[in-house]
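The following exercises concern individual residues and their surroundings. Each task is followed by a worked solution.

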Amino acid sequence: MNTEDLLGSLHKAARSMSTSDLMKARAFMVRSASGLPKKYREAYSTELFNYLYTIFTEISNSKQPEKNEAIDAEEYDDLMKRLDQMGVSEDLNQEYFNKLVNLTAPYLVFIVKKPIHPIGMVFPGGDQVLEKDGIYYCPVKDKQNDVECALCKFCICRDAEEMVEGDKWKMEV
């Protein structure tokens with residue numbers, strides 16, 4: 001498979017996702033974040049959804065990738081297996097969230113090579129995803145290695161620990 005084939009497949013799948021489906025995905029995100037402190041609840045339910053929606057719109061409007069590159073079949077299969085592990089909870093709207101992530105994650109990883117979480121998204125402790133000189137850094141990149149369904153392994157971000165000493169990392173509160 002190559003990036004052109006993948007984008008064609010994702011584009012077709014995006015056309016089958018309705019506005020109602022997107023609203024249900026958003027409802028799942030809001031509900032699943034309801035127990036978090038306000039700043040993290042908003043980061044997850046609003047910032048992350050807006051990012052995924054923007055990526056969804058890119059997919060819907062894209063005709064072909066900037067570069068047509070081969071995709072490592074093993075890495076693609078591994079990503080798709082992880083996405084399948086997300087499962088469905090008692091919240092029926094998770095199915096729509098999963099569908100949204102199944103569209104956006106492969107696009108982010110293989111086609112546009114952008115972080116899975118939006119730049120500036122705040123994680124517990126105030127750390128956030130940052131971009132410096134075209135390189136992305138994430139505070140949880142290497143902390144999720146043992147989480148079976150985490151997508152961090154595929155994300156283009158480097159671990160925050162790799163950031164040059166003295167660079168700003170904590171979010172200003």
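A residue counts as buried under 20% relative accessible area, as exposed over 50%, and as partly exposed in between. The model to which this is applied is a predicted one.

**Exercise 1.** Determine whether K99 is buried, partly exposed or exposed, and describe its surroundings.

Solution. The relative accessible area of K99 is 31%. Because this value lies between the two cut-offs, K99 is partly exposed. K99 belongs to helix α5, which spans residues 94-112. Beyond its neighbours within four places in sequence, K99 contacts S16, M17 and D21. For K99 and D21, the separation is 78 residues in sequence, while their C-alpha atoms are 8.8 Å apart.

**Exercise 2.** Establish which side chain of opposite charge is nearest to R82.

Solution. Locate R82 in helix α4, residues 73-84. R82 is buried and has no salt bridge. The nearest side chain of opposite charge is that of D78, 4.0 Å away. Next, set aside the neighbours within four places in sequence: the contacts of R82 are then V147, E148, C149, A150, L151, K153 and F154.

**Exercise 3.** Assess the phi angles of K113 and D133, and state where each residue lies.

Solution. Most residues other than glycine have a negative phi. K113, however, has a positive phi near 50°, and D133 has a positive phi near 55°. K113 lies in the loop between α5 and β1, whereas D133 lies in the loop between β1 and β2. With a relative accessibility of 34%, K113 is partly exposed; at 69%, D133 is exposed.

How values were computed: Residues numbered from 1 in each chain as written. Predicted model: local features only at pLDDT ≥ 70, side-chain atom pairs only at ≥ 80, totals over all residues. Heavy atoms only, no water. Helix = DSSP H or I, 4+ residues; strand = E, 2+ residues; numbered from the N terminus. Buried < 20%, exposed > 50% of the residue type's maximum accessible area, 1.4 Å probe, protein only. Lys, Arg positive; Asp, Glu negative; His and termini not counted. Contact = heavy atoms within 4.5 Å.
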